[in-house]
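Ready to practise reading a protein model? Work through each exercise with the picture beside you, and try it yourself before you look at the solution.

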Amino acid sequence: MNFSASDHAMMARALRLAERAAFTTRPNPMVGCVIAQGDEVVGEGWHQRKGGPHAEVFALQAAGKRARGATAYVTLEPCAHTGSTGPCADALIAAGVGRVVGAMRDPFPQVDGAGFEKLRAAGIAVECGLMEAQARELNRGFLSRVERGRPWLRVKLAMSLDGRTAMASGDSKWISGDAARRDVHQWRARSGAILTGAGTVLADDPQLTVRLEQGVDYVPPLRVVLDPGLATVARGRVREGDAPTLYLHAPDTKPPREMRIEHIAVPVQGGRFDLDAVLKLLAARGINEVQLEAGATLAGAFLSAGLVDELLLYIAPVLLGERARPLFDGLHIDAMTERLQLQAVDSRRIGDDHRLLLRPMPA
């Protein structure tokens, strides 16, 4: 399908609009909409929060009567069902738009082509696939949950130049600098859950909360602690503040009677948590993206299980020496042919540190 330079410009604008709600839309996808008469934008909008109007509604309100005969550019197929709001496909039809250009089809079962079909049945020209790769990248967490039944898992790590994450004693404050630590909060804010292990809670006593500049809107992510024996439920800042906390424990562990924080038993295999079951449980709760902030053992376990989708790696210009702790435990790579290949998706300087976004490549 041939799209014009103007089509590309309008869809790029819609994608930028969609990303404005990266901290607030979950579990819904990020969606942007631009309505144009030729090269002139007459209305635009984005889905700002679950339960609120969708992107198309905002754009149509801004366009008013000028929506008639116009082209609507949407980053995701308009919905055709009634959920928290009415069907966006119906709103586009009622406004009399003449053409709809979509970046991608929505795999959500209640949509999945029905929105485009409703538009075509009403005589509206529908074209799909413009900048689809960028649209999928934007909503990789939502798509992972809907298509794979598990959230997108990002592992956040900070390391020295010699690949160490903490001293032998466990002390890791602070490898990275202030700018890198501020940057981490941006990634936390777009996550539906921040996941850690009991060892990290005992060693570092993290809050695992989002701390952004005043006035920045976000939905606090769920804090999830993998604690087989519930050894940390009576301590730690991870229980404090407004963000919710969930403890996942072994099936044979009996929670204390006075425990008021949510807890769920998760299957254990060979003395270790079934990590795939952990992610499926979080997906069932509407979690699109999970950020793992834990030590080498848990990070290595997820990586060995093939469940890591990307690594968010901060490299500090320091050396910690051979006795310091490694980046991952338990990978058991004995030959060069067994090495784990990673693709660098993004690389940039953050203060004095270097940030890499890496994704495992297929074997």
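**Exercise 1. Classify E117 and R120, then find out how their side chains are related.**

*Step 1.* Is E117 buried, partly exposed or exposed? Buried means under 20% relative accessible area, exposed means over 50%, and partly exposed is in between (1.4 Å probe, protein chains only). E117 has a relative accessibility of 48%, so this residue is partly exposed.

*Step 2.* R120 also falls in the partly exposed class, at 39%.

*Step 3.* Next, look for a salt bridge, that is, a side-chain nitrogen of Lys or Arg within 4 Å of a carboxyl oxygen of Asp or Glu. R120 and E117 form one, with an N to O distance of 3.4 Å. Side chains of opposite charge can pair when their charged atoms come close.

*Step 4.* Where do the two sit along the chain? They are three residues apart in helix α4 (residues 114-121), which means about one helical turn separates them. Helices (H or I, at least four residues) and strands (E, at least two) are DSSP runs, numbered from the N terminus.

A word about the model before you go on: it is predicted, local features need pLDDT of at least 70, side-chain atom pairs count only at pLDDT 80 or more, and totals for chains, interfaces and linings use all residues. Residues are numbered from 1 along each chain as its sequence is written, and side-chain values use heavy atoms, with hydrogens and water left out.

**Exercise 2. Compare two salt bridges that join distant parts of the chain.**

*Step 1.* How many salt bridges are there in the model? The count comes to 26.

*Step 2.* One of them joins R99 and E127, at 2.9 Å from N to O. R99 belongs to strand β4 (residues 99-102) and E127 to strand β5 (residues 125-128), and the two residues are 28 apart. R99 is buried, with a relative accessible area of 18%, and E127 is buried at 18%.

*Step 3.* Another joins R285 and E262, whose closest N and O atoms are 2.8 Å apart. These partners are 23 residues apart: R285 is in the loop between α9 (275-284) and β14 (289-292), while E262 is in strand β11 (residues 262-265). R285 is partly exposed, at 36%, and E262 is partly exposed, at 37%.

*Step 4.* Salt bridges can also join up into a network, as they do for E137, R140, R154, R190, E289, E310 and R359.

**Exercise 3. Decide whether the cysteines form disulfides.**

*Step 1.* Start with the cut-off: a disulfide is a pair of cysteine sulfur atoms within 2.5 Å. By that rule the count is zero.

*Step 2.* For C33, the nearest cysteine sulfur is that of C88, 8.5 Å away. C33 is buried, with 0% relative accessible area.

*Step 3.* Why does C79 have no bond to C88? The two sulfurs are 3.7 Å apart, which means they are too far for a bond. C79 is buried too, at 8%.

**Exercise 4. Trace the nine-stranded sheet and the helices that pack on it.**

*Step 1.* In what order do the strands run? The order is β11-β10-β9-β8-β14-β6-β15-β18-β17, in an open sheet with mixed pairing. Two strands pair if DSSP finds at least two bridges between them.

*Step 2.* Find the edges: β11 and β17 (342-350) each have a single partner strand, so one side of each is left without a neighbour in the sheet. From one strand to the next, the twist averages 20°.

*Step 3.* Zoom in on β10 (residues 245-249) and β11, which pair in the parallel sense over four bridges. Here Y247 has H263 in β11 as its bridge partner.

*Step 4.* Now add the helices. Helix α6 (residues 140-148) lies across β6 (152-159), β14, β15 (310-315) and β18 (353-360), and runs at about 130° to β6. Helix α7 (residues 178-189) packs on the sheet as well, and its direction makes about 165° with that of β15. Axes here are lines fitted to C-alpha atoms, for helices over the stretch in contact (heavy atoms within 4.5 Å), and angles run from 0 to 180 degrees between N-to-C directions.

**Exercise 5. Describe the surroundings of E56.**

*Step 1.* E56 lies in helix α2 (residues 55-63).

*Step 2.* E56 is buried, at 3% relative accessibility.

*Step 3.* Which residues does E56 touch, not counting those up to four places away in sequence? They are C33, V74, L76, P78, C88 and L92.
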